[in-house]
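Reader: I am in my first year and would like to look closely at one part of this model. Could you take me through its salt bridges and the strands that carry them, explaining each term as you go?

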Amino acid sequence: MMLIRNNLFDDFFGDMFDDPFFNRGYVPQNQLMKTDIRERDGQYLLEIEVPGYTREDVKAELKDGYLTITADRKEPVEKADERTRYVRKERYYGTMKRTFYVGEDITENEIHAAFKDGILKVIIDKPQPKKIEDGKTIIPIEG
C-alpha cells in the first residue's frame, strides 16, 4: 500500500496551526489530568494527576455508568501593585474534567478514592460475573 501526501496542502495547514495564535492559552483538558490505569487483583487502579489542587477542589460523581472527576480552582484575588506585573502566567486556574466509563453495574460502594500530593488515587472493584446455575434456561428458544 502506498501513501500519497499532498505537500502543498499539508504544509499550508501545518504552518497555519503552528502559529502561536492557535496555541496560546489552551491546553486540552485530558492533558491536564494525566491518568495511569492499572488492573490488579480484581480491581482497576487509576492514578490521576491534579497538581496544585487541594482535596476540597476535587469531586467525583458516578452517573449512568460514567465516573466524572472534576477539579475546580479559582484564581486568587491579588491587590494591585504598581511595582509588580506579570511577565508570563502559566499556572492553570479554572475547572477541568475527565470522564471514564466504568459500566452501569458499578455502584458507589465499589469505588474508593484517596488524594495526596496532587495525585487522586481511585480504586474500582471490577464487577463479578453473575454465575448461572447449571441446567437453567437463559433464553427460551422459540421455534
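Author: **Salt bridges on the sheet**

Lys-121 and Glu-47 form a salt bridge in which the closest N and O atoms are 3.8 Å apart, where a salt bridge is a side-chain nitrogen of Lys or Arg within 4 Å of a carboxyl oxygen of Asp or Glu. Because Lys-121 lies in strand β7 and Glu-47 in strand β2, the pair ties together parts that are 74 residues apart in sequence. This is a predicted model, in which local features need pLDDT of at least 70 and side-chain atom pairs count only at pLDDT 80 or more, while totals for chains, interfaces and linings use all residues. Residues are numbered from 1 along each chain as its sequence is written, and side-chain values use heavy atoms, leaving out hydrogens and water.

Glu-47 also meets the side chain of Arg-38 in a salt bridge (3.6 Å, N to O), and in this way Arg-38, Glu-47 and Lys-121 are linked in a network of salt bridges. Lys-121 is partly exposed at 44% relative accessibility, Arg-38 is partly exposed with a relative accessible area of 41%, and Glu-47 is partly exposed with 24%; here buried means under 20% relative accessible area, exposed over 50%, and partly exposed in between, with a 1.4 Å probe and protein chains only.

A further salt bridge joins Lys-126 to Glu-39, with the closest N and O atoms 2.2 Å apart. This pair links distant parts of the chain, since Lys-126 is in the segment after β7 and Glu-39 is in strand β1, 87 residues apart. Lys-126 is partly exposed, with a relative accessible area of 24%, whereas Glu-39 counts as exposed at 52%. The structure holds four salt bridges.

Turning to the strands, β1, β2, β7 and β6 form, in that order, an open sheet of four strands with antiparallel pairing. Strands are DSSP runs (E, at least two residues), numbered from the N terminus, and two of them pair if DSSP finds at least two bridges between them. The edge strands, each pairing on one side only, are β1 (35–40) and β6 (111–116). Within this sheet, β6 and β7 (residues 119–125) pair in the antiparallel sense over six bridges, and Lys-121 in β7 is the bridge partner of Ala-114.

As a contrast, consider a charged pair without a salt bridge. Arg-73, found in strand β4 (residues 66–73), is buried yet has no salt bridge, and the nearest side chain of opposite charge, Asp-57, is 5.6 Å away.

Notes. Lys and Arg count as positive and Asp and Glu as negative; His and the chain ends are not counted.
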